[in-house]
Amino acid sequence: MNKMKYISSVLLLLSLFLLSCASSQRDSEQIISVTIEPQRYFAEKIGGDKFIINTVVPSGQSPETFDPSPQQMVSIGKSLAYFQIGYIGFEQACMQPIRDNNPDMQLFDLSRGIELITDEHDCGGDHHGDEHIHHHHHHGVDPHIWSSVSGAKVIAWNTLQAFIELDPENKQYYWQNYNNLMQEIENTGKEIEEILSDVSQRTFIIYHPALTYFANEYGLTQLCIEMDGKEPSPAQLKELIDVARKEHAKTVFIQQEFDQKNAELIAKETGCKLVPVNPLAYQWDKEMIQIAKALADE
């Protein structure tokens with residue numbers, strides 16, 4: 001009986017020890033917060049198993065208008081560092097409170113070094129007329145820098161530099177992961193170029209201008225349904241339909257974060273196909289290729 005009690009005591013102590021170790025491991029986990037899922041893709045590719053990456057804006061919600069709960073702000077506060085994407089609405093509204101509440105948290109801006117596109121050029125330039133030029137982004141800058149291969153390369157580089165600064169002892173590990181990621185980005189770019197090489201109709205329609213950098217990189221014209229961050233008026237909608245017909249647009253991209261009724265109306269009036277896309281998807285490479293394939297599938 002005493003022997004059984006002894007064994008039970010040993011097992012209990014062992015269990016408590018293992019739980020304590022697990023708890024200690026969780027407490028020592030190094031967390032990096034990022035704003036959107038494509039950032040998590042790049043960060044996990046480079047950071048590997050050295051950090052846990054926390055995405056702040058949940059899938060299916062717009063990072064332009066996302067308002068975090070107090071609990072989410074507390075979760076952000078557990079992070080060693082925050083990787084900003086740059087000029088997106090959530091960051092413009094919330095980064096100052098995040099800084100104020102977490103003075104020891106390191107902040108890294110992943111848009112550093114990217115040639116930013118202003119709103120004057122995010123929706124086909126003059127196609128909408130001067131009165132329809134968009135200025136709904138902070139400082140008139142289009143924030144969707146991850147939607148191009150060149151943008152992805154700069155984001156990857158800035159992510160690498162951030163990890164090296166945070167954890168210089170594992171510099172070579174991050175460099176190796178970065179080089180592997182760069183090869184994947186290069187391959188993605190080559191595949192997109194090949195897909196789009198024979199596309200004759202190079203104009204597409206989208207509700208929110210999330211593919212400005214993609215369009216700029218591959219000589220495409222992006223027409224936007226959203227006007228100054230709002231639903232278009234009937235007159236603006238008619239003008240957009242006229243431009244889409246003139247430009248022989250074939251595709252209307254729809255996004256889960258935004259209302260689809262105007263996109264459906266435009267597709268009906270112009271004969272365009274409706275194609276769901278998710279520029280905020282985690283799997284950056286596959287999503288970019290799918291978007292190219294949708295434009296090539298006429």
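## Ile36 and its surroundings

In this predicted model, Ile36 is buried, since its relative accessible area of 2% falls under the 20% limit. The residue lies in the loop between β1 (31-34) and α2, the latter being the helix of residues 37-47.

Apart from neighbours within four places in sequence, Ile36 is in contact with Thr55, Pro63, Ile85, Trp146 and Leu280. A further spatial relation concerns Ile88: its C-alpha atom is separated by 9.9 Å from that of Ile36, with the two positions 52 residues apart along the chain.

## Parallel strand pairs and their crossovers

Strand β3 (residues 81-84) pairs with β4 in the parallel sense, over four bridges. Within this pairing, Tyr82 has Leu107 of β4 as its bridge partner. The connection from β3 to β4 passes through helix α4 (residues 89-101), and the resulting β-α-β crossover is right-handed.

Strand β7 (residues 251-254) and β8 also pair in the parallel sense, over four bridges. Here Val252 has Leu274 of β8 as its bridge partner. Helix α9 (residues 261-270) carries the chain from β7 to β8, in a β-α-β crossover that is right-handed.

## Helix α5

Helix α5 has 18 residues and reaches 26 Å from its first C-alpha to its last, close to the 26 Å expected at 1.5 Å a residue. Its buried residues are Val149, Gly151, Ala152, Ile155, Ala156, Asn158, Thr159, Leu160, Ala162, Phe163, Ile164 and Leu166. Trp157, by contrast, is partly exposed, at 36% relative accessibility.

## Helix α6 and its cover

Helix α6 comprises the 26 residues 171-196. At 1.5 Å a residue, these should span 38 Å, and the end C-alpha atoms are 37 Å apart, so the computed length agrees with the expected one.

The buried residues of α6 are Tyr174, Asn177, Tyr178, Leu181, Met182, Ile185, Thr188, Gly189, Ile192, Ile195 and Leu196. The elements covering these buried residues include α2 (37-47), α5 (149-166), α7 (212-217) and α10 (284-296).

## Aromatic pairs

The count of aromatic pairs comes to 15. One of them joins Tyr41 and Tyr282 in an edge-to-face arrangement, at 5.6 Å centre to centre and with 80° between the planes. Tyr41 belongs to helix α2, whereas Tyr282 lies in the loop between β8 (273-276) and α10, so the pair ties together parts that are 241 residues apart in sequence. The two partners fall into separate accessibility classes: Tyr41 is buried, with a relative accessible area of 2%, and Tyr282 is partly exposed, with 24%.

The rings of Trp157 and Tyr178 form another pair, with centres 5.9 Å apart; because the planes meet at 65°, and an angle over 60 degrees counts as edge-to-face, the pair is assigned to that class. This pair links distant parts of the chain, as Trp157 is in helix α5 and Tyr178 is in helix α6, 21 residues apart. Tyr178 is buried, with a relative accessible area of 9%, while Trp157 is partly exposed.

## Ring cluster and a charge over a ring

Ring pairs link Phe51, Phe83, Phe108, Phe163, Tyr173 and Tyr174 into a cluster. Two members of this cluster also appear among the buried helix residues: Phe163 in α5 and Tyr174 in α6. Another member, Tyr173, has Lys50 over its face, at 4.9 Å from the ring centre.

## Two loop positions

Gly140 is placed in the loop between β4 (106-109) and α5. With 12% relative accessibility, Gly140 is under the 20% cut-off and therefore counts as buried. The C-alpha atoms of Gly140 and Ile117 are separated by 8.6 Å, and the two residues are 23 residues apart along the chain.

His248 is found in the loop between α8 (234-246) and β7. Its phi is positive, about 55°, although the residue is not a glycine. His248 is partly exposed, because its relative accessible area of 47% lies between the limits of 20% and 50%.

Terms used. Residues numbered from 1 in each chain as written. Predicted model: local features only at pLDDT ≥ 70, side-chain atom pairs only at ≥ 80, totals over all residues. Heavy atoms only, no water. Expected span 1.5 Å × (residues − 1). Buried < 20%, exposed > 50% of the residue type's maximum accessible area, 1.4 Å probe, protein only. Contact = heavy atoms within 4.5 Å. Phe/Tyr/Trp six-rings, centres within 6.5 Å; stacked < 30°, edge-to-face > 60°. Lys NZ or Arg CZ within 6 Å of the ring centre and 35° of its normal. Pairing = 2+ DSSP bridges. Right-handed = clockwise from strand over helix to strand, strands pointing away.
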